[in-house]
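Trainee: Could you take me through a close look at one helix pair in this model? I would like to follow how the two helices meet, and then hear a little about the other chain.

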Amino acid sequence: MTRFNVNGNDVSVDVGDSTPLLWVLRDSLELTGTKYGCGMAQCGACTVHLNGRPVRSCVTPVSAVEGAAVVTIEQVGDGRIGAAVQEAWMQHDVPQCGYCQSGQVMSAVALLADNAAPTDADIDAAMVGNVCRCGTYARIRAAIKAAAARLA
Amino acid sequence: MIHPHPMHHRIGLAHQAFAGDGAEAIAEAGAAVSMSRRRFIKLAGASGLAIGLVSTGGVRAAASSGSDAAELKPDQQPNAFLHIGKNGEVTIQVNRLEFGQGSHTGLAQVLADELDADWSRVRAELAPAGDAYKDPVFGIQMTGGSNSIQNSFTQYRELGARARAMLVEAAARTWEVDVSTIRTREGRLISTDGRSADYGEMSEAAMALPVPASVTLKTPDQFRLIGKPVKRLDTPAKSTGRQFFGMDMRRAGMKTVLIARPPYFGGTVAGFDDARARAVEGVDQVMRVELDRGATGVAVVADGFWPAKVGRDHLEVRWEAPASELPDTGRLAAQFEALLVRDGLPARAGDTSGLAGAARTITADFRFPFLAHSPMEPLNALIEVGGMGAERRCDIWTGTQFQTIDQGTVAAILELEPQQVHIHTQFAGGGFGRRATPTADYLADTARVMKAWLAAGRSEPLKVVWTREDDVRGGYYRPFTMHRAEIGLGEDGGIAAWKHTIVSPSILKGTAFEAFLVKDGVDATAVEGIADTAYELPVAVSVHHPEVAVPTLWWRSVGHTHSAFVMETLIDQIAREGGRDPVELRRALLRKHPRHLAALDLAVAKSGYGEKPLPPGRAWGVAVHESFRSVVAHVVELSIEGDRPKLHHVTSAIHCNLAVNPRSVEAQVQGAVLMAIGTTLAGAEITLRDGRVEQSNFHDYTVPRMPDMPPIDVHIVPSDDPPTGVGEPGLPPMAPAIANAVYALTGEPVRSLPIPLG
């Protein structure tokens with residue numbers, strides 16, 4: 001039994017220790033906003049915040065989150081930065097297919113939590129692990145800058 | 001311009017499809033695409049023909065006159081597409097898959113504009129499989145060929161206009177006034193006598209009225225939504241994790257299935273030991289299953305993805321390779337090279353006699369790899385079978401581009417009638433063609449797994465999920481392709497003769513589409529972009545379609561992915577060798593094509609090409625190409641940093657006639673540009689060694705990432721003509737624009753994708 005906190009709620013799950021957090025979120029807790037894209041931390045679609053840091057939940061065993069606080073896309077908008085990022089995403093009409101966008105938003109929020117005024121190079125470095133096949137990168141970049149400006 | 005009269009538009013369509021000067025001219029030029037499209041329509045149930053022959057005249061007749069709903073086809077009935085709630089909320093059924101391209105919003109805009117709806121109260125849903133939702137031109141339910149808006153533009157306008165006329169009629173009857181005294185505005189009916197009502201108050205009475213056969217459509221100056229940069233309806237859900245995709249669907253009691261597939265295309269299970277797999281907690285069942293293209297595999301059924309994955313990892317399967325030779329990229333390259341020197345099937349006639357006496361010749365060989373689509377959402381489908389006898393039904397929840405074909409394929413496997421197969425179209429996380437398989441491969445496999453499950457006496461719903469590795473190794477690639485061009489130049493630098501040979505496995509031979517898109521042995525999708533080039537060139541094209549035991553498929557912009565690269569890089573080489581400016585040469589060769597010139601001139605003007613001095617080490621690269629009836633031009637600024645091309649800026653212009661949603665058009669061009677950039681990057685290729693695909697996931701199959709996206713400006717050529725394709729046309733000219741800038745810097749023409757480094 002692993003106990004941790006998801007989006008402010010204490011949960012306990014009875015799955016094998018090596019089960020990735022991604023599948024605990026999606027299959028056990030029915031929080032399907034977090035996406036499966038590659039299963040090996042190559043695409044970022046599964047990004048969540050673990051004690052405030054972005055992690056790839058597809059390679060994070062559930063045993064590693066015992067006692068920790070996990071925030072997912074379903075709740076990130078409750079924070080000031082999350083709300084500003086999601087607002088900017090809507091203003092810029094960022095998503096196309098939208099499948100990668102949960103992970104993009106989670107990475108962007110983590111970036112702005114660390115760096116209030118990211119340069120293009122900062123954005124490249126923070127977002128390089130999040131793949132978008134539709135090609136929304138230009139709008140993601142613009143939305144991150146807009147959110148930063150709004151938060152300043 | 002847009003014809004405000006629907007009959008004119010219909011006749012226009014028929015004209016274009018059956019006897020148009022344009023179509024004939026292209027057909028004469030040897031382009032199989034238009035010709036075949038014509039045959040397709042003819043053979044595919046003549047829905048286009050029916051549209052063409054309905055001619056009642058009186059297109060300006062009042063909305064309520066000439067009512068005869070019996071004349072109308074299911075795809076013309078507002079009730080199938082539109083629900084207006086008592087609260088005035090409008091729900092529109094969209095007859096296409098939404099997988100990023102924006103048709104979900106675009107088609108809702110089109111209908112809502114003619115309906116005079118209040119956009120803030122409009123929602124849109126993806127329609128399930130059904131006759132009303134078939135493409136009005138092709139006669140099957142499908143999403144592809146950048147056709148969503150172009151083929152349903154008039155249809156959705158008419159649906160909106162018909163519903164509006166019915167609302168007006170209902171109000172006129174209720175208020176006992178003439179319809180001419182009622183106008184509409186943002187979801188309200190307003191009478192000259194001062195009375196008014198919300199659409200919601202009249203909708204029940206309105207939708208029970210006969211559907212008017214003819215309606216008057218708006219003129220472009222009356223549009224309130226069409227042509228406006230409306231925000232996407234799905235953006236809020238997609239920005240907050242609330243958007244449901246097929247992958248997220250669940251049903252009570254559902255099991256998750258992963259399939260162990262053979263490492264060779266067409267391979268089979270010689271035997272397997274599942275003891276360790278069955279010992280994994282959560283694994284319920286392990287079954288041998290039949291798979292696509294005669295293969296067999298082993299399905300692991302479990303409670304959730306992870307047990308299914310671990311169970312599959314613990315299977316021990318002995319695989320048998322197919323009897324045929326195992327495909328190997330190295331051997332294929334040698335085989336294709338041997339074919340390049342021989343004449344293939346004629347795809348376009350041209351006089352090549354000028355080659356012999358040419359002052360100079362260019363001989364250029366090109367090579368393009370297999371490419372996987374790799375949409376972000378791996379393939380998946382949820383299937384449920386229930387009921388007995390006449391009540392027997394199969395329900396499938398999935399993101400698919402090909403509902404009609406899927407329905408028929410699944411029905412045959414489960415021994416049902418197609419109408420017993422209910423496909424609930426789900427939002428899809430990308431597709432790029434992968435969800436439009438003539439074999440319906442992933443849904444056929446899903447149905448076969450369900451068949452085995454039922455045979456085992458089980459009936460719980462099954463969600464069959466692909467891993468990323470299954471996706472990368474699963475075939476249905478953009479075909480490995482080679483081209484050879486032999487070009488004879490005259491003393492004046494003019495093009496005297498051009499002999500062009502293409503070697504490309506046919507995507508469509510052996511499929512249901514062969515009858516429509518393969519003519520005299522030539523697969524139109526292999527030669528498009530060269531055989532029907534707009535350039536005034538004496539090009540003779542022949543093609544070889546070698547049999548290759550690798551499943552191939554259309555990949556965003558299909559044959560144009562390679563043909564535009566070949567044509568556009570050669571045009572640059574001809575220009576430079578002849579001392580001409582590449583833009584000036586293109587203008588000369590395109591002088592009879594105003595849409596090409598408009599796109600090219602707009603991109604050139606906005607970029608500053610030829611005016612703005614570039615820093616040392618930078619060069620311009622230009623390309624222009626027509627595909628899916630739209631023309632796109634890109635102008636890039638590029639330098640070479642180390643051994644890698646670096647894009648500093650991209651200026652794009654698209655001529656897609658009327659841009660229904662300029663914001664979406666911009667997004668599609670940006671996305672297509674990025675996908676094309678991806679094809680130039682090292683590692684963007686699928687290779688095979690002794691029948692096995694060598695790549696497996698995003699660490700060894702390169703996809704473009706944030707740092708690969710340059711600053712980009714997208715410009716749209718203003719037009720009121722009926723919309724043409726948007727989802728794909730931005731892709732073909734981008735890689736050659738990059739290559740042309742590299743050529744300008746290095747003096748070495750680029751002959752392959754990805755662009756070789758070092």
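Mentor: Happy to! In this predicted model, look at chain B and find helix α21, residues 662–680, and helix α22, residues 734–746. Their axes come within 8 Å and cross at roughly 55°. An angle under 35 degrees would count as roughly parallel and one of 65 to 115 as roughly perpendicular, so α21(B) is oblique to α22(B). As for the hand of the crossing, α21(B) passes α22(B) in a right-handed way.

Now turn to the side of each helix that takes part. From α21(B) come B:Val673, B:Ala676, B:Ile677, B:Thr679 and B:Thr680. Their partners in α22(B) are B:Met734, B:Ala735 and B:Ile738. Sorted by character, the residues of this contact are 6 nonpolar and 2 polar, with no charged ones.

With that pair in view, let's move over to chain A. Its secondary structure comprises 6 helices and 5 strands, and along the sequence they follow the pattern β-β-α-β-β-β-α-α-α-α-α. The radius of gyration of chain A is 15 Å, close to the 15 Å that the globule rule gives for 152 residues, so chain A is as compact as a globular protein of that length. Taken along the principal axes, its C-alpha atoms fill a box of roughly 45 × 30 × 25 Å. Of the 152 residues in chain A, 59% count as buried. Finally, consider the contacts in chain A between residues at least 6 apart in sequence: 58% of them join residues at least 24 apart.

Key
Residues numbered from 1 in each chain as written. Chains lettered and ligands numbered in written order. Predicted model: local features only at pLDDT ≥ 70, side-chain atom pairs only at ≥ 80, totals over all residues. Heavy atoms only, no water. Axes fitted to C-alpha atoms, helices over the stretch in contact; angles between N-to-C directions. Helix = DSSP H or I, 4+ residues; strand = E, 2+ residues; numbered from the N terminus. Parallel < 35°, antiparallel > 145°, perpendicular 65-115°, else oblique. Left-handed = near helix turned anticlockwise from the far one by under 90°. Contact = heavy atoms within 4.5 Å. Nonpolar A, V, L, I, M, F, W, Y, C, P; charged D, E, K, R; others polar. Rg over C-alpha atoms; globule rule 2.2 N^0.38 Å. Buried < 20%, exposed > 50% of the residue type's maximum accessible area, 1.4 Å probe, protein only.
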